[in-house]
Amino acid sequence: MTERRVTVARETGLHARPARAVAESAADFDASVTVEYDGETARAASALELTALGVRSGESVTVRAAGDDADRAVAAVAAVLAEEGDP
Amino acid sequence: MTDLRGVGVGTGAVTGQAVWLARPDESPERDGSPSSPDAERDRFERARARTVEELRDERDRAAVAVGKAAEEVLATHETFLFDPAFEERVEDAIDDGDAAERAVARALEDWIESFEETGGKTAARADDLRDLRGRFLRALRGESPRSVGDLPDGAVVLADRLDPGTAVRLAADDVAGVATAEGSRTGHAAIVLRSQGVPVVVDLSEELRTVESGARVGLDAVAGLLTLDPSAVTGAGPAEAVVADAVGTASGTPLAVTANVGSGRESAVARERGADGVGLFRSEFLALRSDGVPDEDAQTEAYVAALDRFPDAEVAIRTFDFGGDKPLPDAEGDVPRGVAGSLATPDRHREQLRALCRAAARGAGELTAVLPHVTRLDEVAAVRDHLDAATDELAAAGVPHERPALGVMVETPAAVELAPELASRVASLSLGTNDLSRHVLGTTRDADPAVTEPAVVRAIGRAVAAATDAGVPVRCCGEAAADPAFAALLVGFGVTELSVAPDAVPATKRRLDGIDRSEAAALAERATAASTKSEVDSLLKEAP
């Protein structure tokens, strides 16, 4: 299990379009990646679940993954979450 | 009632005829009982494939007619269709014996509720799911995509709530304004309409229902007001309200919205859309569309056609800008860009200048010849020498001619550095923001460099300031001019003419009319001080 805490830098928070970018990045890996926020967990591959978390800009989430490429998957998803600006 | 208060989105005030949009049929019920889960699963897959096809088709059209905001919204819709969480819920419902309609409607309803419970910007995304639900149910019933119907010109569209897909169609249809009972300023429908300069007021409450189709209404996006007393809003008739003949700042400084064209025919379209002239006639398109560079007579005719469309206005014709991604047909070897390319082919350049001089004498409008990709003051001097020679030749041959005014494109860091000297030598500067961004940032053409990078913003600010100091007008004829927030920034810097695609003229006029110049100037000052792109982007969200 790999885990990383990351602050969402997108100005609009994690809604729809940024969620789509996260889901697209998670889809490149075999590992199943999750994003936890405020006690709720969403699959990184589901833009619907990510959007429903309602994460605002500047707030922190925990990215977790298990599996062969877990390290790379967490790094990739965390990088998208930490990106500034709207995709 | 005479006044309803809601939340205004964007800017502008319009008057027009109220038209209610029909409520979408979102009932998941269908005749007959569901067939087997396998058959319902097949129906689901077929309807999903059809919805994807519809979204992609609409996305392509929206990209052209409306722009990037609409394209992004529809791409996000497509992602939701294949979301694993959505698929699971549909699968479970079908396994439990639901028909595909009910399975889809329930799955999306759960997410709609969940988004709304979360609140904030997430709640605004619920309308995206309503949009998808409508599309999916229509696909399952075998119905065609919902049409917004035949709207009268200059209609103010009323709806309980607006889904983003309908907003895309309304924006492409050029409606005057939109008012909704529910909705949020951060909803995708509002974002799409705002990006097109359509004034919108959302969240007007159930009271909106008291306004009947056909009523004359006024809508003020700044005040967040819908009124049955339209004279309180503008006093202008509907036609003037849709595309004002002349637009200006709140304090009365005139602003021109002109068009970027590549032919006389496009100039006619620009005229129909209310353009105040041509800010950029891309003369090289005459050659790129045919087998090669048209001869002097053919060029003269094309320029005259554009000038005749604007008898009381200016038509800025850019001299040939071959090279880069626009190689001259049959050109051998590397051709230098812009005016350097023209000076490297003096016979062809002289021929174009003669055509411009002849057109200036014959055409009704006022012609300015604009030199592209200028990097040296010598280039301007050299063109003047050629212009002298061209007029001498025409005079000797007894051909009627007139010397056009000369302008230069500012699209290289060199031109920004030389802007004070250039401004003292020519009649106008034209900002080419696409090329300027690319060259300032040192990126390739396909990298889509952002105009909101601080280095680009500061380059634009410096060039405009140099021109203003010299008393020379500046126009902007890059794609950025059609972006509503960026247009405000340009006006804040002191740009007085924005040249956009003909289709973007009405929206840009609506966007700029009545803009507060001092607020725009404050925005420009803050943007110049910003040190990251995201700071600039955030500031633009507050654009007046």
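This report walks through a predicted model, from the overall make-up of chain B to a few of its residues.

## Overall make-up

Let us start with chain B as a whole. Its secondary structure comprises 23 helices and 17 strands. The chain has 544 residues, and 55% of them count as buried. The surface that chain B does expose comes to about 21,700 Å², with carbon and sulfur atoms supplying 47% of that area.

The contacts tell us how the chain meets itself along its length. Among contacts in chain B with a separation of 6 or more, 69% are between residues 24 or more positions apart.

## Helix α8 and the largest cavity

Helix α8 of chain B is a good place to look next. The helix covers residues 188-195, and its buried members are His188(B), Ala189(B), Ala190(B), Val192(B) and Leu193(B). After α8(B) comes Gly197(B), a residue with a positive phi, near 75 degrees.

The same helix leads us to the internal spaces of the model. The structure has 3 cavities of 30 Å³ or more, and the largest cavity holds about 110 Å³ of space. That largest cavity is lined by 16 residues, of which Leu162(B), Thr180(B), Ala189(B), Ala190(B) and Val202(B) are the closest to its centre. Two of these, Ala189(B) and Ala190(B), are also buried residues of α8. In chain B, at least two lining residues of the largest cavity come from each of β5 (177-180), α8 and β6 (200-202). Helix α8(B) makes the largest contribution to this lining, with 4 residues. Sorted by class, the lining of the largest cavity consists of 8 nonpolar, 5 polar and 3 charged residues.

## Two neighbouring cysteines

Why do Cys476(B) and Cys477(B) not form a bond? Their sulfurs are 6.3 Å apart, which is too far for a bond, although for Cys476(B) the sulfur in Cys477(B) is the closest cysteine sulfur. The relation also holds the other way round, since the closest cysteine sulfur to that of Cys477(B) is the one in Cys476(B). A disulfide would need the two sulfur atoms within 2.5 Å. Over all chains, the structure holds 0 disulfides.

Both cysteines are buried: Cys476(B) has a relative accessibility of 0%, and Cys477(B) has 6%.

## Asp128(B): a charged residue in a helix

Is Asp128(B) buried or exposed? Asp128(B) counts as buried because its relative accessibility is 0%, under the 20% cut-off. This residue belongs to helix α6 of chain B, which spans residues 126-141.

Leaving aside residues up to four places away in sequence, Asp128(B) touches Val73(B), His77(B), Pro164(B) and His188(B). The last of these brings us back to α8, where His188(B) is one of the buried residues.

## Arg282(B): a partly exposed strand residue

Our last stop is Arg282(B), in strand β11 of chain B, which runs over residues 278-282. With a relative accessible area of 24%, Arg282(B) is partly exposed.

Which residues does Arg282(B) touch, not counting residues up to four places away in sequence? They are Asn260(B), Val261(B), Gly262(B) and Arg318(B). Ile317(B) is worth a look here too: its C-alpha atom is 6.6 Å from that of Arg282(B), with the two residues 35 apart along the chain.

Conventions:
Residues numbered from 1 in each chain as written. Chains lettered and ligands numbered in written order. Predicted model: local features only at pLDDT ≥ 70, side-chain atom pairs only at ≥ 80, totals over all residues. Heavy atoms only, no water. Buried < 20%, exposed > 50% of the residue type's maximum accessible area, 1.4 Å probe, protein only. Contact = heavy atoms within 4.5 Å. Areas by Shrake-Rupley, 256 points an atom, 1.4 Å probe, with all protein chains shown as cover. 1 Å grid on protein atoms, 1.4 Å probe; cavity = no way out; pocket = protein on both sides within 12 Å on 5 of 7 lines; lining within 4 Å. Points joined across faces, edges and corners; volume = space filled by probe spheres on them. Nonpolar A, V, L, I, M, F, W, Y, C, P; charged D, E, K, R; others polar.
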